[in-house]
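Student: Please take me through one part of this model in detail. I would like the largest nonpolar core, with enough of the overall fold to place it.

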Amino acid sequence: VAKPKPWGIAHGSGQCEFQDKADWTEAEQRVYSSKFGLGQVSIRCPIQSPLDFIAIIYGYLPFLIPGWWAVWALKGYLDDGHPRFFPFFGICIAAGFALVNEAITKQICKRVLPAEITNRPPEAVCKHPGMPSGHVMNAWTLMVWCLLEACLDSSVRYEWVAVIVLVMGPVPWARVHNLDHTMCQVIVSGVTS
């Protein structure tokens, strides 16, 4: 059987890459048959448990929610000639925080903090600095904004508050469980958000 070769876009970024077993930890080599990164979420096959699968899904929620808002804003634009304010503003928050985190915050952390703090766990496909976690920062910033919107409205809809917390709240757990970030990196992101 031919051994698959590593491939990817922007090797080491975890955006879209298959990782060779030579880069895996010994524990991973004993358990998994393949490992790849997509959107800086590490996916190890075969998936070992339902919790591992849930952690992978939660890794994508910071992308899926703004994607849903983009469709909602586009629909509003096509229907009314202008995008709906809520989803458009949510997209602006998500894009703005992602840009600032990747272009400025992570670069500062990489230069002023020790590598033990900024480096991701060795099991992560993405090898770029992980301090602070962009997934957590985006998810929790959007969560806090949505909670404020829901709670400051004239009538609080508790089912919306519950859904917001259920969808965005576990993202830090998922990033640590999936070995894409350290506990320190997600705590810093959560507090910053």
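Tutor: What follows starts with the whole chain, moves to the core, and ends with two cysteines. The model is predicted. The protein chain has eight helices and four strands. From the N terminus, the order of elements is β-β-α-β-β-α-α-α-α-α-α-α. The C-alpha trace spans about 60 × 40 × 30 Å along its principal axes. The radius of gyration is 18 Å, which agrees with the value near 16 Å for a compact globule of 193 residues. Of those 193 residues, 41% are buried.

Now the core. The largest nonpolar core holds 21 residues. Trp69, Leu142, Trp145, Ile164 and Met168 touch the most other members. Five elements give two or more residues each: H2 (50-80), H3 (85-112), H5 (134-152), H6 (158-168) and H7 (171-177). Helix H5 supplies the largest share, eight residues. In soluble globular proteins, nonpolar side chains tend to be buried together.

Take Met168 as a close-up. Setting aside neighbours within four places in sequence, Met168 is in contact with Ile65, Ala139, Trp140, Leu142 and Met143.

Last, the cysteines. A disulfide needs two cysteine sulfur atoms within 2.5 Å. By that rule, the count is zero. For Cys45, the nearest cysteine sulfur is that of Cys16, 14 Å away. Cys45 counts as partly exposed, because its relative accessibility is 22%. Cys184 is also in no disulfide; the sulfur of Cys109 is the nearest, at 9.5 Å. With 38% relative accessibility, Cys184 counts as partly exposed.

Note on methods: Residues are numbered from 1 along each chain as its sequence is written. This is a predicted model: local features need pLDDT of at least 70, side-chain atom pairs count only at pLDDT 80 or more; totals for chains, interfaces and linings use all residues. Side-chain values use heavy atoms; hydrogens and water are left out. Buried means under 20% relative accessible area, exposed over 50%, partly exposed in between (1.4 Å probe, protein chains only). A nonpolar core is a set of buried Ala, Val, Leu, Ile, Met, Phe, Trp, Tyr and Cys residues joined through side-chain atoms within 4.5 Å. Contact means heavy atoms within 4.5 Å. The radius of gyration is taken over C-alpha atoms; the globule rule is 2.2 Å times the number of residues to the power 0.38.
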